[in-house]
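Student: I have a structure open and would like to learn how to read it. Where do we begin?

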Protein chains: 4
Amino acid sequence: MSVNTSHIPSTKEQLIDAAVHIFHQKGFQKTRISDIVSEAGVAQGTFYLYFRSKEEIFRQINTAHMNRFVKVFEETDLLFAGDDIQAIRKNIHHFLNKLLEIYKQNVHVSELLFREGIGHGGLFKEIHENFFDSFISLLRKHMKRDIPPDHFHFEDAETIAVFLLGVFERSASYFMLMQKQFNTEKLAGRMTDFMLNGLQLNSANHGRQLNLK
Amino acid sequence: MSVNTSHIPSTKEQLIDAAVHIFHQKGFQKTRISDIVSEAGVAQGTFYLYFRSKEEIFRQINTAHMNRFVKVFEETDLLFAGDDIQAIRKNIHHFLNKLLEIYKQNVHVSELLFREGIGHGGLFKEIHENFFDSFISLLRKHMKRDIPPDHFHFEDAETIAVFLLGVFERSASYFMLMQKQFNTEKLAGRMTDFMLNGLQLNSANHGRQLNLK
Amino acid sequence: MSVNTSHIPSTKEQLIDAAVHIFHQKGFQKTRISDIVSEAGVAQGTFYLYFRSKEEIFRQINTAHMNRFVKVFEETDLLFAGDDIQAIRKNIHHFLNKLLEIYKQNVHVSELLFREGIGHGGLFKEIHENFFDSFISLLRKHMKRDIPPDHFHFEDAETIAVFLLGVFERSASYFMLMQKQFNTEKLAGRMTDFMLNGLQLNSANHGRQLNLK
Amino acid sequence: MSVNTSHIPSTKEQLIDAAVHIFHQKGFQKTRISDIVSEAGVAQGTFYLYFRSKEEIFRQINTAHMNRFVKVFEETDLLFAGDDIQAIRKNIHHFLNKLLEIYKQNVHVSELLFREGIGHGGLFKEIHENFFDSFISLLRKHMKRDIPPDHFHFEDAETIAVFLLGVFERSASYFMLMQKQFNTEKLAGRMTDFMLNGLQLNSANHGRQLNLK
DNA sequence: CATGAATGAGTGTTCATTCAT
DNA sequence: AATGAATGAACACTCATTCAT
């Protein structure tokens, strides 16, 4: 089952590819339609056959990419469920790895989404909010189903969502930037460790003193 | 040593205050010099007596604010040091609380810094990077001094910095947005818990099984 | 000789009908070819199989309609001729009624012709001028033939033409706009009265004084 | 009491003068802001210091000019009042002459107003409608005050307004176009004759027959 | 005959920056 | 120091027209 590598891209696809590239390079505001069309190799007017405005193509690109993540959210049945902590760890690791893979396969759009989706006095806030809400729903569902209330330190899904997303977004974009092509397995592992156990200074301290001032 | 509360703001201060306000509302790109001067109540040309360009005032504002955080970094001598885990917890809690207080006292600039400092194809990347590097230095110093290498799960300061900053930035901006005026003590506490111990699903599991699928 | 009411319109007719409609709605400049073809239900390119340009279809429409009026001019043999003033009045009434009927049967085009035919820095001035010249010729012919020079207050046909056309055009378009479907007989009557006798303040004054300040 | 002929025109006046000129030459749609500013001898951006848009300057110009006519309407106390028909004739002649003088002193704007104020699917319809309504009011007031109902052939002011305006507008623009600088006194006289008595075929026919076919 | 995707010149409007007063 | 009128480069978007199929 091979992917058709000799795929002839439609004009719309060419425009989207070019747009992703330039948006990533320059950001939304500094990107000119003329940049996009010249990279796509079509005329100015052609752009407007496919997109009503600069905002629309940006929104389309980001929404589409966001939905890739949301799809993973929706397809995840195991997260906090498992016979023991190792099983749970494995679920989470797997989950994070899938997200990182998507991030990696579309680095430019990913960075775009997390960058411009947040900023700008909220011009595109709704895109990211959508993604965020979807993640909270996921957490809520799994927490309610799989974790006895008294076994969980943090009561509300919202707080957890913020913490976890903070870790995920920052890590993904940072390491992606640093080591251009990164090892998702390894990063997913470290993120899982941190999410489940934090810095683990305590476990490190078993039976002896930390050195002190 | 009292602060002069009936301080008559200089023209430059008026411009900065106005700029912070508008930058926060509209973002850097959408902010017009005319917005700033009209809010500051001065003439268009006056702006250029104090700032060479729109970029410069933005940079000045953000750099100044960033330095507030950096100052806290530099003044922190206790972080991972302490007789027991409770002492360490207290240090970190204190540290986070100080940062949150600064964040809170200048919400607009804070949000600006974390938003636009990251995005924009890196127009202002350096500002945030400066802040980031400073934080890494802090961590490295304290880790090296206070934690025996074999007692620490995560070997490199960089990874930890990314994780911790992710949690901090996201949480601060999110909860600031939600609950307009928030309780820094409480948030610092939750952040400390998460940073030190993660979700604590394992500790919750003492002596019994998690429910399972 | 019956008109085929179940006439299937050709593509060209569809284009013209659509064009009349949109031109009337939006005016020449604001009408887009895309409006016309989409209303006609044909493709963009099809337009250019029948018309060289937007100007051409406009000119064709208006010229054709103008010729309907010109035809009436040419077919009119009685205007100022008659045994007495009543006969003349009847001729003029009949003449105006015929023009109004044409106006009414093609309101959209009529309004178009009188609106845009005049304006626009003269882009289509010639169309209206043609119509105007034709009307002057008519007047000149009938005046010369039927009115003894010394019996006529206004010496030149041109002035009369301007006066009469002013009354006709303005009235037709105004009352057409107001009372959507209007009574041509009645309007023709009033116009005839005004054209022949003016406001008739004097005749109203027979045997008594107008009231005075 | 001499007009200051060495008046230095403000930038706004220069823009308006240029705009009137070009609007008159090319019509509203075909006029480019770049035409206006280059004729006014200022930069592109300067235009927008004084007018929000092309539409606004057009509206300002036309409204201002329309108000010149409206002012005459409002300042007219004698129209249909008078001891005899000659007095009335004189009033009307005077009234028309004043309007024609205004028309003449601002030919370009006048033509603009009557051309584009009417057409264009109503983009600027309201301007002309305002003028029209104002004229109807004038007529109504004078008719009610000065003419006994049974002495007047045409009952409603609206119809008369349409007839009279038709004559005025058409004549003014036509003769203005033909004989560049025209004799307002003479034209006003002819218009008065026509308005009061029509073509006067009947008076011409006193005591003898018109020749007939 | 018909299609409709592609073209690209054209233009209104914005806004950071300058400078004479 | 302060003003604010003037600048002009820059850019998103429109739409009549073409042409390969």
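**Reading the DNA surface**

Tutor: Begin with the helices that meet DNA strand E: α3 (44-50) of chain A, α3 (47-50) of chain C and α3 (44-50) of chain D each supply at least two residues of the nearby surface. Helices (H or I, at least four residues) and strands (E, at least two) are DSSP runs, numbered from the N terminus. This is a predicted model: local features need pLDDT of at least 70, side-chain atom pairs count only at pLDDT 80 or more, and totals for chains, interfaces and linings use all residues. Residues are numbered from 1 along each chain as its sequence is written, chains are lettered from A and ligands numbered from 1 in the order in which they are written, and side-chain values use heavy atoms, with hydrogens and water left out.

Student: Which element gives the most to the surface near DNA strand E?

Tutor: α3(A) does, with five residues. A residue is near a strand if one of its heavy atoms lies within 4 Å of it. Around DNA strand E there are 32 such residues, and A:T11, A:T46, A:Y50, B:I33 and C:Y50 come nearest.

Student: What classes of residue make up the surface near DNA strand E?

Tutor: Sort them by side chain. Ala, Val, Leu, Ile, Met, Phe, Trp, Tyr, Cys and Pro count as nonpolar, Asp, Glu, Lys and Arg as charged, and the others, Gly among them, as polar. The surface near DNA strand E has twelve nonpolar, 16 polar and four charged residues.

Student: Which parts of DNA strand E lie within 4 Å of the protein?

Tutor: Of those strand atoms, 65% belong to sugar or phosphate, and the rest to bases. Next, look for polar contacts. A polar contact is a pair of N or O atoms within 3.5 Å; within protein, one must be able to donate a hydrogen and the other to accept it, and residues adjacent in sequence count only if both atoms are side-chain atoms. On DNA strand E, a polar side-chain atom of B:Y48 lies 3.1 Å from a phosphate oxygen. B:T31 uses a polar backbone atom, 3.2 Å from a phosphate oxygen of this strand. D:T31 also places a backbone N or O atom 3.2 Å from a phosphate oxygen there.

Student: Which residues come nearest to DNA strand F?

Tutor: B:Y50, D:T11, D:G45, D:T46 and D:Y50, out of 32 around that strand. α3(D) gives the largest share of the surface, five residues. Now check base against phosphate. A polar side-chain atom of A:Q44 lies 2.9 Å from a base nitrogen of DNA strand F. D:G45 approaches a base nitrogen with a polar backbone atom, at 3.1 Å. B:T46 has a side-chain N or O atom 2.8 Å from a phosphate oxygen of DNA strand F.

Student: How many helices and strands does chain A have?

Tutor: Ten helices and zero strands. Of its 213 residues, 54% count as buried. Buried means under 20% relative accessible area, exposed over 50%, partly exposed in between (1.4 Å probe, protein chains only).

Student: How many residues of helix α6 in chain A are buried?

Tutor: Eight of the ten in this helix, residues 107-116. Among them are A:V109, A:L112, A:L113 and A:F114. The buried residues of α6(A) pack against α1 (11-30), α4 (54-75), α5 (85-105), α7 (125-146) and α8 (157-178) of chain A. Contact means heavy atoms within 4.5 Å.

Student: Why does B:S171 count as buried?

Tutor: Because its relative accessibility is 0%. B:S171 sits in helix α8 (residues 157-178) of chain B. Its side chain reaches the backbone oxygen of B:V167 at 2.5 Å. Beyond neighbours within four places in sequence, B:S171 contacts A:V162, A:F163, B:M176, B:L187 and B:M191.

Student: Which residues have the most contacts inside the largest nonpolar core?

Tutor: A nonpolar core is a set of buried Ala, Val, Leu, Ile, Met, Phe, Trp, Tyr and Cys residues joined through side-chain atoms within 4.5 Å. The largest has 133 residues, and A:L139 and B:L139 have the most contacts inside it. Another core, of 132 residues, lies apart from it and includes C:M143, C:F194, D:A19 and D:F73. Leaving aside neighbours within four places in sequence, B:L139 touches B:L79, B:F80, B:A157, B:I160, B:A161 and B:L164.
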